Amino acid sequence: MAPCPLAPLLVAALVAVCIVAQNTYLEGGIYQQIEAFGAVRLLNASGVSGPAAQWPTSGIVYQIMSKDDLETFMNFSPTFVSFAVIMPFSMFTSENMFRLRNSNKLAGVIVIQNYESFTMPEFDSPDDVFPNFQFSLYANQSATPTYAWNPNGNGLLHQSFDFPVFVMPVNPNDLTWQQSTGTLLETAKSNMARGYTKYPLYSIEFNEFMYGSINADTCLRRDTKKIVIVSAQSDGIGYFYDFSNSAATTVSGYVALLAAAEALSHVRATNCIDLFLSLTSAQNQSAVVALPNDIIFTLFSTEQYGFAGSQRFVQDLTTPFKCLKNSTNGDTTASCAYSGAFCQNPCQVSGAFLNIGFDRISHILELSQVGGFTGANTTAAAAAEAVTHIYLHVDDATDSATLNLVDTLTGSIVIGNETEVASPMTVQFLPAFATAGTNDGNLRLPPSSAMSFLAKKKIPTVVLGDFRTNFTNPFYNSIYDDGGELTSVNIALMCSVATQTARSAFRLAGGSEADAAQFQADCDLIYELFICFTTNATCALFHSIYTGQTLPYVTSQPPTFTQQPFVTVPPFMMYNLLSNYTAAKRAENTCNSTDSSPNCSGAQSGAQCVSNACVWSQTNTHYAYGTGLEMDYTTSQFVVVDPTKATWVISGYLNLPVLIFLFLPTAVIYSASTPTPSRRFNSTNQRIRTFLTSSPLYQGIQVGVGVALTLVVTAATYYLQRHVDARFNKA
């Protein structure tokens with residue numbers, strides 16, 4: 001009779017089920033889930049930067065609050081142990097991170113925001129001393145940066161770490177904080193009290209690990225009018241996206257640009273023809289419409305990644321376009337998910353860019369850092385200069401057309417007598433170079449989108465900034481660049497830039513100096529815009545644009561590549577604000593702006609829905625990912641086509657907006673997203689978990705005992721099976 005092992009198998013199955021059920025129950029009881037926000041990991045054709053962990057890791061919680069703690073940790077050498085280091089922002093420096101990396105005993109790092117009497121450092125910038133130099137106009141002229149515009153840059157953004165890095169907020173008044181960060185800090189104190197040697201000790205498991213591929217390759221002119229380009233960068237970068245709003249780095253520039261656009265919407269005609277036109281215009285922009293040349297306002301995104309947005313835009317303007325597959329009946333494809341796209345292969349949401357002949361561009365004005373934000377260590381004289389002077393940076397101080405542009409912008413603006421700027425203040429606009437007619441003493445252009453245009457041809461260009469040499473902003477692309485030091489003086493400086501930009505752009509487009517003098521930016525609007533974009537996305541201004549009770553997009557993260565125009569609030573609001581400011585006409589109460597994707601149809605077709613009104617303003621969207629990447633329409637995947645150009649993608653965490661906005665008198669807004677891996681992280685859903693762990697020796701004993709028991713049971717089973725077989729055979 002054959003042996004029958006069915007009963008033992010059933011018993012084993014029941015035991016396995018019981019163990020699984022028990023483990024599931026115990027996991028909820030032993031492990032405590034904690035929310036965390038991950039740092040970004042970037043990839044390009046040549047490699048990676050940022051933190052990573054190919055597999056979930058765990059380590060003993062170790063608290064480093066001071067340099068002495070760090071030295072103690074570096075000299076602490078237990079066997080077979082990895083650590084999850086907890087540190088405050090004050091200890092999160094490039095030097096400390098490099099030392100921790102070299103210790104070879106890290107499971108991960110958790111940075112606690114503003115922990116215990118936190119003092120902001122005098123300066124901090126994780127970017128390079130010349131941001132994006134390798135992609136700049138001067139990269140082929142020098143192997144090293146030609147000038148340290150950002151002397152505080154430590155390059156941390158571009159370093160690679162083989163362990164995950166997270167940040168956690170501190171808010172004792174918030175229940176979520178008490179359940180997460182508070183618990184984590186308690187585990188650290190418990191371990192410290194035990195000297196990190198007396199088990200059991202608390203450990204952390206990073207089960208939401210950061211990962212990615214080796215590089216980006218494996219991860220993925222009809223008009224004759226001249227054009228005046230007015231541009232700014234619409235997004236920044238930070239080691240922790242959720243805590244980086246780039247207030248001085250980029251927000252100051254694009255807020256000034258938006259205010260300049262708004263100022264031009266209030267033009268009043270001074271001659272008979274313009275007066276007649278203004279009386280027939282619903283938006284009273286006739287003097288602008290009557291200009292002999294066009295003004296286009298642009299907001300470029302992903303500029304922090306090799307000037308990806310502006311280079312993509314310039315490439316599309318200068319490359320003959322041929323549509324290989326048209327969109328019919330609003331259909332979509334895997335490689336072009338926009339309903340009703342202008343062209344599906346290559347995917348272009350709008351064809352408006354074809355009307356912008358590159359050779360028509362006559363001047364470029366770019367608004368860089370213009371808020372006058374300085375650090376605590378800045379001298380009183382330097383701080384006063386930063387908020388009373390705007391410097392005009394040029395590439396070539398010997399070019400007569402460029403010098404004429406400088407002359408147009410040079411002068412003074414008096415700002416004051418408004419709610420947010422009580423005392424009048426005079427701001428001087430001065431050349432950044434020493435002497436006209438020579439480049440001796442000319443530092444040339446700081447990192448700017450204008451470089452992408454100048455790489456194709458020589459165009460009179462000025463970059464406006466609150467710095468003459470080094471950045472006055474000590475927190476360029478830093479977590480500390482939050483606009484918390486905003487004063488009426490900063491508002492006045494941005495207001496003066498908006499005013500001078502509006503006046504100069506109007507004159508460059510052919511308007512008279514007398515007409516230009518009437519433009520005055522709204523300083524109170526600038527204050528409201530700055531607050532809305534940096535600290536309060538639910539502000540009244542934004543809710544006047546989008547009338548729903550809840551904002552339709554997330555506020556704390558840039559968007560992933562979803563082939564949708566908007567995923568976050570800032571670009572959605574920029575689009576609507578520019579549409580509103582540049583509208584040629586409007587039809588009130590003809591649409592519902594409570595919808596996350598409001599539209600105007602029927603008689604209102606071709607308009608945008610803003611504040612429950614359909615407005616006609618040619619505001620469009622356009623891709624802006626790096627020119628080293630292209631879509632392979634046979635596989636619907638992005639691939640690297642030129643590793644020498646921008647190929648940045650984001651690995652295992654978050655996303656990137658890629659916007660370009662264009663405007664006036666027919667606004668064109670371009671928006672897109674950088675391709676990312678199929679898996680992404682939503683930082684609000686990331687979890688790490690804490691649990692008690694025994695010593696490595698005890699764990700080894702447990703494993704040894706387990707192995708011994710397994711061998712004994714196996715041997716007993718073997719002999720028992722032989723005995724049973726023998727009995728059955730005799731029978």
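A polar contact is a pair of N or O atoms within 3.5 Å; within protein, one must be able to donate a hydrogen and the other to accept it. Keep that in mind for the first stop. The model on screen is predicted.

**Stop 1: Ser125**

Select Ser125. You are in the loop between strand S7 (106-112) and strand S8 (160-161). Ser125 has 0% relative accessibility, so it counts as buried. Now show the side chain of Asn150. The side chains of Ser125 and Asn150 make a polar contact at 2.8 Å. Turn to Tyr476 next. Its backbone oxygen lies 2.6 Å from a polar atom of the Ser125 side chain. To fill in the surroundings, add the other residues that Ser125 touches, among them Asn152, Gly153, Pro474 and Ser478.

**Stop 2: aromatic pairs**

Colour the aromatic rings. The structure holds 31 aromatic pairs. Select Phe73 and Phe83. Their ring centres are 5.5 Å apart and their planes stand at 80 degrees, so this pair is edge-to-face. Phe73 belongs to helix H2 (residues 67-74), Phe83 to strand S6 (residues 83-88). Both residues are buried.

Move on to Phe89 and Tyr480. This aromatic pair is also edge-to-face, with 6.1 Å centre to centre and 70 degrees between the planes. Phe89 counts as buried, at 4% relative accessibility. Tyr480 is buried too, with a relative accessible area of 8%. Widen the selection to Phe92, Tyr239, Phe240 and Phe475. Ring pairs link these residues with Phe89 and Tyr480 into a cluster.

**Stop 3: strand S12**

Select residues 294-300. This is strand S12, and 7 of its 7 residues are buried, so the strand is largely enclosed by the rest of the structure. In a regular strand the side chains alternate between the two faces of the sheet. Which residues of S12 lie on each side? Asp294, Ile296, Thr298 and Phe300 are on one side, and Ile295, Phe297 and Leu299 are on the other. Both faces are covered.

Add strand S11 (residues 227-233). S11 and S12 pair in the parallel sense over 7 bridges. To see one of the matches, pick Ile227, whose bridge partner in S12 is Asp294.

**Stop 4: the nonpolar cores**

In soluble globular proteins, nonpolar side chains tend to be buried together. Here, the largest nonpolar core has 78 residues. Select Tyr254, Leu464, Phe533 and Phe542, which touch the most other members. Then show helix H7 (residues 247-264), which gives the most to this core, with 13 residues.

Zoom in on Tyr254. What does Tyr254 touch, not counting residues up to four places away in sequence? The contacts are Ala232, Gln233, Ser234, Leu299, Phe533 and Met574. A second, separate core has 70 residues, including Phe76, Phe83, Leu100 and Leu156.

**Stop 5: a three-stranded sheet**

Finish with an open sheet of 3 strands in the order S20-S22-S21, with antiparallel pairing. Select S20 (585-588) and S21 (608-610). Each stands at an edge with a single partner strand, so one side of each is left without a neighbour in the sheet. From one strand to the next the twist averages 30 degrees.

Now add strand S22 (residues 613-616). S20 and S22 pair in the antiparallel sense over 4 bridges. Click Lys585, and its bridge partner in S22 is Trp616. Last, show helix H18 (residues 569-581), which packs on the sheet and touches S20, S21 and S22. The direction of H18 makes about 95 degrees with that of S21.

Note on methods: Residues numbered from 1 in each chain as written. Heavy atoms only, no water. Core = buried A, V, L, I, M, F, W, Y, C linked by side-chain atoms within 4.5 Å. Buried < 20%, exposed > 50% of the residue type's maximum accessible area, 1.4 Å probe, protein only. Helix = DSSP H or I, 4+ residues; strand = E, 2+ residues; numbered from the N terminus. Contact = heavy atoms within 4.5 Å. Pairing = 2+ DSSP bridges. Axes fitted to C-alpha atoms, helices over the stretch in contact; angles between N-to-C directions. Phe/Tyr/Trp six-rings, centres within 6.5 Å; stacked < 30°, edge-to-face > 60°.
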